[in-house]
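Could you walk me through this structure, starting from its interior and then moving on to its helices and loops?

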Amino acid sequence: MTNKDLYISIIIPCFNEEQVISHTYERVHKTMQSFEHRGYELIFINDGSRDKTLELLRGIAKNDTNVKILSFSRNFGHQPAVTAGVNACTGDVAIIIDADLQDPPELFPEMVKIHLEQNANVVYGLRGERKGETFFKRISAKYFYKLINFLSDTPLPVDTGDFRLIDKHVIEAFKSLPEKNKYIRGLISWIGFKQVPIIYVREERFAGETKYPLSKMIKFASTSLLYFSKKPLKLALSLGLVSVLVGIGLAIWVITGLLYRPDSLVPGWASTIIALIFFGGIQLLTIGVLGEYLGNMFEEIKNRPEYIVHEKINF
């Protein structure tokens, strides 16, 4: 198979990107014109934008039939937007890229080349350098990936995002996954097949503000850690066992003190306070972990759709 045989889908989730969306289209369009292929589609997913993003996309789609738009009824989030794009795409391969231009569309030809020459089912972007990010963002990302790899049963590549090429095998496998709250980069690693990195420099945002403030980053991290791994439950069990051993140790210490050093202890004070603090902390921690898992189960049991499409253009 060669480039000429491939029909390529480009999946671009958007949320309040009026300052950058025209530039995104121009760079992606220019890149797609720069190498041979059988054809392509640009699938923009408007994730409930409250600015002029949808209006600008309508104008672009009117002049370019390769541009397709899925517009949500409200903001459902980045991962549901990517899922909608994958579900709707018709390409032999699909490339996922954010609209903020931090990931360079100029890498598309090289990603396709790696896919064809190395028979790679996934070509994922590996961030060799991250420009414009704060020290906190870099260090928190570093240790987050270490933590999730420690907790996960499936090894996940470090310093990656959703920027990647996936082929038809991975697309079909992804569509078959029934869960709702997806951690997409983790699921694609879990799916398997041959996965090859491409190292690149991640640029600063072209314009606009980040759509991942600290609160969303924490929520995303929570989803990826608790939804993708059972090890926190095992950790809670281990903490419970440790608390039992510590409780036994405290009991021995108190009994020994009563027998051999009765004057050194305020009756009942030390044993009561230490036991309350330690066991109370362990109980709250384990209940919190269980509560997060139950919350995820509750979301799945409701079986609501991940997203609701309000408008389709050029489909």
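Here is a short tour of the cores, one buried side chain, two helix pairs and two backbone details.

Please keep in mind that this is a predicted model. A good place to begin is the largest nonpolar core, which has 36 residues. Those with the most contacts inside this core are I8, I10, M32, L42, F44 and F108. Let us pause at M32: leaving aside its neighbours within four places in sequence, M32 is in contact with I8, I10, L42 and F108, and also with H37 and Y40. There is also a second, separate core, made of 25 residues, and F72, V82, I166 and F174 are among them.

Next, have a look at helix α3, which spans residues 78-88 and contains Q79. Is Q79 buried or exposed? Its relative accessibility is 6%, so Q79 counts as buried, the cut-off for that being under 20%. What does the side chain of Q79 reach? One partner is the backbone nitrogen of I184, at 2.9 Å. The side chain of Q79 is also joined to the side chain of H78 by a polar contact of 3.0 Å.

I184 leads us on to a helix pair, since this residue belongs to α7 and takes part in the contact with α6. Helix α6 covers residues 168-175 and helix α7 covers residues 184-191; they pack with their axes 10 Å apart, at an angle of about 115°. The two are therefore roughly perpendicular to each other, and α6 passes α7 in a right-handed crossing. On the α6 side the contact is made by V170, A173 and F174, and on the α7 side by I184, I188 and I191. You have met F174 already, as a member of the second core.

Now turn to helix α1 (residues 21-33) and helix α2 (residues 53-63), whose axes lie 10 Å apart at an angle of about 30°. That angle makes α1 roughly parallel to α2, because angles under 35 degrees count as such. The crossing of α1 and α2 is right-handed. I21, S22 and Y25 of α1 make the contact with L56, L57 and I60 of α2.

Finally, the backbone offers two details to look at. N16, in the loop between β1 (7-14) and α1, has a positive phi of about 55° although it is not a glycine. At 22% relative accessibility, N16 counts as partly exposed. N314, in the segment after β8 (309-313), is not a glycine either, yet has a positive phi of about 70°. With a relative accessibility of 32%, N314 counts as partly exposed.

Conventions. Residues numbered from 1 in each chain as written. Predicted model: local features only at pLDDT ≥ 70, side-chain atom pairs only at ≥ 80, totals over all residues. Heavy atoms only, no water. Core = buried A, V, L, I, M, F, W, Y, C linked by side-chain atoms within 4.5 Å. Buried < 20%, exposed > 50% of the residue type's maximum accessible area, 1.4 Å probe, protein only. Contact = heavy atoms within 4.5 Å. Helix = DSSP H or I, 4+ residues; strand = E, 2+ residues; numbered from the N terminus. Polar contact = N/O pair within 3.5 Å; in protein donor to acceptor, adjacent residues only side chain to side chain. Axes fitted to C-alpha atoms, helices over the stretch in contact; angles between N-to-C directions. Parallel < 35°, antiparallel > 145°, perpendicular 65-115°, else oblique. Left-handed = near helix turned anticlockwise from the far one by under 90°.
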